[in-house]
Amino acid sequence: MEPDLSNYVLEGDNSMYRLPSGLVAPVVTRGGLEDANTANSGGAIRVSGVSIQHTPARRLWFGKVHNDPGYRSVTHHHGEAETGGYVLSGKARIYFGEKFEDYVDMETGDWVFVPPFMPHIECNRSRSEPLTWLTTRTPENIVVNLADVPDDELPGWLNR
């Protein structure tokens with residue numbers, strides 16, 4: 001049975017998202033055409049599929065992060081942005097805490113929330129397989145790189 005939409009009323013105004021043609025429509029970023037001109041933290045390579053840089057989005061950054069085998073990011077945080085992540089493939093670790101003595105491990109299919117202004121280090125635990133994350137933040141891809149921490153000060157990193 002089809003829903004009765006005769007009394008449906010559009011709430012809100014989405015006219016600010018009009019394309020140059022005047023039409024308000026979904027905007028597709030084709031695979032391989034993501035925007036690579038985005039902030040990164042060391043070798044954590046981020047590309048955006050939905051961002052202010054190449055879509056009408058104004059309060060959302062959604063992209064993919066790639067980490068080579070054995071790679072770890074420099075110490076960083078994402079400013080005011082709330083960050084959500086999904087491990088698309090691989091084995092991840094995020095170090096955090098006052099001296100980066102704490103960490104959480106994740107694998108393919110795991111989700112993570114990183115609070116605003118939380119200094120952390122993103123790592124690929126595997127020495128042979130790449131790590132790929134899907135990441136979203138609001139309002140955009142804020143990356144503030146901080147003074148780095150030596151590998152030997154990260155618990156369990158050298159002997160993983």
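The following paragraphs describe the internal cavity, the nonpolar cores and selected loop residues of a predicted model. Residues are numbered from 1 along each chain as its sequence is written, and side-chain values rest on heavy atoms, with hydrogens and water left out. Because the model is predicted, local features require pLDDT of at least 70 and side-chain atom pairs count only at pLDDT 80 or more, whereas totals for chains, interfaces and linings use all residues.

A search for cavities (sets of points on a 1 Å grid over the protein atoms alone where a 1.4 Å probe fits but cannot get out) gave 1 cavity of 30 Å³ or more. The volume of the largest cavity, taken as the space filled by probe spheres set on points joined across faces, edges and corners, is about 100 Å³. Its lining, defined by residues with an atom within 4 Å of a point, consists of Arg46, Val65, Thr83, Gly85, Ile94, Val112, Val114, His120, Glu122, Trp133, Thr135 and Arg137. Two or more lining residues come from each of β4 (82-89), β7 (111-114) and β9 (131-138), where strands are DSSP runs of E of at least two residues, numbered from the N terminus. The greatest contribution is that of β9, with 3 residues. By class, the lining comprises 5 nonpolar, 4 polar and 3 charged residues, with Ala, Val, Leu, Ile, Met, Phe, Trp, Tyr, Cys and Pro counted as nonpolar, Asp, Glu, Lys and Arg as charged, and the others, Gly among them, as polar.

The largest nonpolar core (buried Ala, Val, Leu, Ile, Met, Phe, Trp, Tyr and Cys residues joined through side-chain atoms within 4.5 Å) has 11 residues, among them Val65, Ile94, Val112, Val114 and Trp133. At least two residues of this core are supplied by each of β5 (91-96), β7 and β9. A second, separate core of 7 residues includes Phe100, Ile121, Val149 and Trp157.

Phe100, in the loop between β5 and β6 (102-107), has a positive phi of about 60 degrees although it is not a glycine, and it is buried at 9% relative accessible area (buried being under 20%, exposed over 50% and partly exposed in between, with a 1.4 Å probe and protein chains only). Phe117, in the loop between β7 and β8 (121-124), likewise has a positive phi of about 60 degrees, but Phe117 is exposed at 56% relative accessibility.

The loop between β9 and β10 (144-145) holds Asn141, which is buried at 9% relative accessibility. Pro139 is found in the loop between β9 and β10, and the peptide bond from Thr138 to Pro139 is cis, with omega near 5 degrees.

Conventions: 1 Å grid on protein atoms, 1.4 Å probe; cavity = no way out; pocket = protein on both sides within 12 Å on 5 of 7 lines; lining within 4 Å. Helix = DSSP H or I, 4+ residues; strand = E, 2+ residues; numbered from the N terminus.
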